[in-house]
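Work through the exercises below with the sequence and the model open. Try each task before reading its solution.

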Amino acid sequence: MAELISIDPVTRIEGHLRMDVEIEDGVVKDAWSSGTMFRGIEMLLKGKHPWDAQQVTERICGVCPLVHGTASSYALDDALGVNLPDNARLIRNLTLGANFIQSHILHFYHLAALDYVDVTAVLNYSGNDPVLQEIKGKIAGLVAANDPYPLLPRYESNDYVSDPTLATTLVNHYIQALEMRKKAHEMLTIFYGRMPSFVGTIPGGVTQQPTISNVAAFRSRLAELRDWIDRIYIQDILTVAGVSAYAPFLTAGDSGGNYLAYGGFDQDSKGNVKFLERGVITNGDIMNVKDFDEDQITESVAYSWYEDSTEGLNPRNGKTEPEVDKTNGYTFLKAPRYNGQPMEVGPLARMLVMKPKMLVDLATQLNLLSTPPFQFGILPRHAARAIECKMIADEMDKWLDQLDINGNIWDKKDLPGDSYGRGLVEGPRGALGHWIHIVDKKIGNYQAVVPTTWNASPRDKDGTRGPIETSLIGIPVPDVNNPINVVRTIRSFDPCLACAIHVIHPEHNGVKKFRVV
Amino acid sequence: MGSKGVSRRQFLKYAGATAALLGLSEAMVPEIARALEELASGKPPVIWIQGQNCTGCSVSFLNTNYPMVTELVLDKLSVRYQPNVMAAAGDVATKVIEDTMKDLSGKYVLVVEGPIPTKENGRYCTFGLEDKMVPFLNGRQRREDKPIEAWMNELVPGAAAIIANGNCASFGGIPAANESVTGTTRVIDYVAKIDKSKPVINIGGCPSHPDWFIGTILDYLINKKVPDLDQHNRPKAFFGQLIHENCERRASFDAGLFLEDWNDNDPDLKLCMFKMGCKGPVTYADCPIRRWNSKVNWCVGANAPCHGCAEPAFYKNLSPLYEPLPDIHFAGISALPDTLGWIAAGATAAGIGGHYLYKQLGKKEEGGEE
């Protein structure tokens, strides 16, 4: 007999997510993903000055504002006909890269690690390392005072990492990671002023000239971060992936084999060459990467709290009419589909499209590439994120070398009367698109299609589950009161719900047609 | 040894950091240390819930330096519910709220990030579950969503203090622009519907600066009373002066040297951002002195205009962000036009950051509580 259990809030993610899972014989038989908060960001842009778009849309999300501000800047550049100076392109790459580093470190250590590390095992630490001893003292104090929040309570499980030295070392890295992610933010603010909510990118360029001193300040922080990523982050990922109890998670949590990447970090002024490559993979056939075609994107609302009349539209013509009492509705997320299929986006999708040697070697070593169809579960998702973090950090050093302290940073362009623009980029959580239509020098329409909308989407009109829903099927839940493996699976996607729900109210969504770029 | 493995020396260290944060004299360090030690013997419980938020204020909180996050979260406060950092999820997480409400009524600090939507019976923001079952797909039943409204109704009466963290919670911010659809309600207005006498402290900023938020909490805990607030319920310690008054580029404003082309921004010139839309002349916050992200930079420091994100008017009434403020008198800011009257009304000059707290601690000393 199947039992339906509901997990709400799914914590240690961004935003408001509820997950309902049906358990039968100790495994997940079915799953429903519900986004439970709605603001309506884009509607307030209509009629506003187009330059405001970047400042408003970066506030869609406080964890990944950089990628929204960057996508918005590219959308405005496109609409204004900007020839982006190389310095501006490089500074946008460097700042976005800095936030990738921040976001990926934050995700593994502060959002995910408590699913794997037993903090109470720290109490058994008997070594002589003074730093680890101090951590033991701190945790012991919390436990003795019966005030162990926010580290406990938690879902109980018998497969947490409980070796005292390893657990204490990982807790120490959790604390170090707080400083590292903060340092990545500091690095970003050298060019962008502050973070979250930065000010350094504008239509046509950036605001801060590279100088000998700010490039040096950036590079010294980057060097420290690269060292820490290599020595600590990558090694911890390999350690956790090697825990024998977690071997099933190499393939458990596979989202169905469809992956999509728009490509990110422009390597030339036209954006024809991207550092993170674009492409589409279907049915787990990772050796066959297909070209991406924007026109294949549609959004289904069959199970979303929006009127059925808005079913199946391309986001460029998107409409959103909330209907919270809809019989089959269970989420504020729509269901984006590519050629009718759900798609996983994010680090795993990008790394499978790109197949860097480090990933292929690791996947081979873990025996993930022996027999098709290949499956990539919870742990490969974490590993892809760490490998990508290292690749971007290493590439950033080259972007710093290319900055020209005498070069321009801005291509000043007047506002057009009527124009379309779009910005397609990659953010820490996956493929992101912004579309703008300028009418009479004001914003006529603005749309964004966001990574977590792909990953956490509900069923579509064909009843096909979204990627996270699919990834949960078959996940073991031996104890319905402690569904730790369900949240492990969800968190491996690094969901951001504030990003995913950001739609326009129909009264304000007057513009129906976008140019196909 | 102090309680919970925290030594006297550590308390003095925290006290030094706290004094630095609040802009207090070193002379106050022993007094602050004593107050902190008192607190640690029964760490104040904090429940931090999220309405129509973006988590930016939580991320900003993680950027704190004095004190560090781990010290705050583990040593100073009992952070029982904070959805981005807590280990627990689902019922295990919400039970912590329920237990705290029951066991520590009147003692917990309630932090709210993001405003409260009230239309459609609160459906626009829910977390946690009711016991009541409702119909679900294909004849199934599942537990009903619990609106943040319902949580507020339960949490507000027992809260010792309520902090609206960030511009959205304090003033509506970005989601308020969509108020007609979701019924976005500022925390202070929602609390007034439950209990008009319950004080709400507004921390402006999109996001809030970690010092503003943490400094306010520490101030409240040390002094056991709500700090001096301005007319928008912001602590005067942090929101007492105009950006423009303390701006490192004020001399350029006075001299009429304005940035008009971003390619012409020799950093040594420190040109004024007024013509690029700077809202510093109408924004009360200590950003030029406090700066952001471990003091690495701030908005004007990056050759960009202040967008006024600490003001109640942000975003809607400060748009367009990159157009100069209208009709301002270049000789100074004393003669603001009527169009900016909403700001002028708030122009009560307060002392420099922390001055009032210094006075209060001083009074305590005089009162013979030594």
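**Exercise 1. The surroundings of A:Cys64**

Task: List which residues A:Cys64 touches, not counting residues up to four places away in sequence.

Solution. Step 1: apply the contact rule, under which two residues are in contact if their C-beta atoms, placed from the backbone, lie within 7 Å. Step 2: read off the partners of A:Cys64, which are A:Asn99, A:Ser103, A:Gly427, A:Pro428, A:Arg429, A:Cys496 and A:Cys499.

Before going on, note the ground rules. This is a predicted model, in which local features need pLDDT of at least 70, side-chain atom pairs count only at pLDDT 80 or more, and totals for chains, interfaces and linings use all residues. Residues are numbered from 1 along each chain as its sequence is written, while chains are lettered from A and ligands numbered from 1 in the order in which they are written.

Step 3: place A:Cys64 in the fold. A:Cys64 sits in the loop between helix H1 (52–57) and helix H2 (65–80) of chain A. Helices (H or I, at least four residues) and strands (E, at least two) are DSSP runs, numbered from the N terminus.

Step 4: decide on burial. A residue is buried if 20 or more other C-beta atoms lie within 10 Å of its own, exposed if 12 or fewer, and partly exposed in between, with C-beta atoms placed from the backbone. A:Cys64 has 33 such neighbours, so A:Cys64 counts as buried.

**Exercise 2. The annotated cysteines**

Task: Find where UniProt places the feature "binding site", and work out how far apart the C-alpha atoms of those positions are.

Solution. Step 1: take the record. An unreviewed UniProt entry gives "binding site" at A:Cys61, A:Cys64 and A:Cys496. Step 2: check the spacing. These residues span 436 residues in sequence, yet no two of their C-alpha atoms are more than 8.7 Å apart, so they gather at one spot.

Step 3: take the other placement of the feature. UniProt (unreviewed entry) also puts "binding site" at A:Cys64 and A:Cys499. That pair is spread over 436 residues of sequence, but the largest C-alpha distance is 8.6 Å. UniProt positions are given in the numbering used here, feature names are shortened, and annotations may be inferred rather than shown by experiment.

Step 4: inspect A:Cys496. A:Cys496 lies in the loop between helix H12 (484–491) and helix H13 (497–500) of chain A. A:Cys496 is buried, with 29 other C-beta atoms within 10 Å. Leaving aside neighbours within four places in sequence, its contacts include A:Cys61, A:Cys64 and A:Arg429.

Step 5: inspect A:Cys499. A:Cys499 belongs to helix H13 of chain A. A:Cys499 is buried too, with 30 other C-beta atoms within 10 Å. Beyond four places in sequence, A:Cys499 touches A:Ile60, A:Cys61, A:Cys64, A:Val450, A:Pro451 and A:Thr452.

**Exercise 3. A helix and a loop residue**

Task: Describe the span of helix H3 (residues 86–112) of chain A, then say whether A:Ala245 is buried or exposed.

Solution. Step 1: compare spans. The 27 residues of H3(A) reach 37 Å from first C-alpha to last, close to the expected 39 Å. The expected span is 1.5 Å times one less than the number of residues.

Step 2: look for a bend. H3(A) has a kink of about 35°, centred on A:Leu106. The bend at a residue is the angle between axes fitted to the seven residues ending there and the seven starting there.

Step 3: check burial of the helix. In H3(A), 25 of the 27 residues are buried, so the helix is largely enclosed by the rest of the structure.

Step 4: turn to A:Ala245, found in the loop between helix H6 (212–241) and strand S6 (259–261) of chain A. With 12 C-beta neighbours inside 10 Å, A:Ala245 counts as exposed.

**Exercise 4. Chain B and its partner**

Task: Summarise chain B, then state how many residues of chain B are in contact with chain A.

Solution. Step 1: count the elements of chain B, which are 16 helices and 9 strands. Of its 370 residues, 58% are buried.

Step 2: count the interface. 76 residues of chain B are in contact with 79 residues of chain A. H3(B) gives the largest share of the chain B side, 5 residues.
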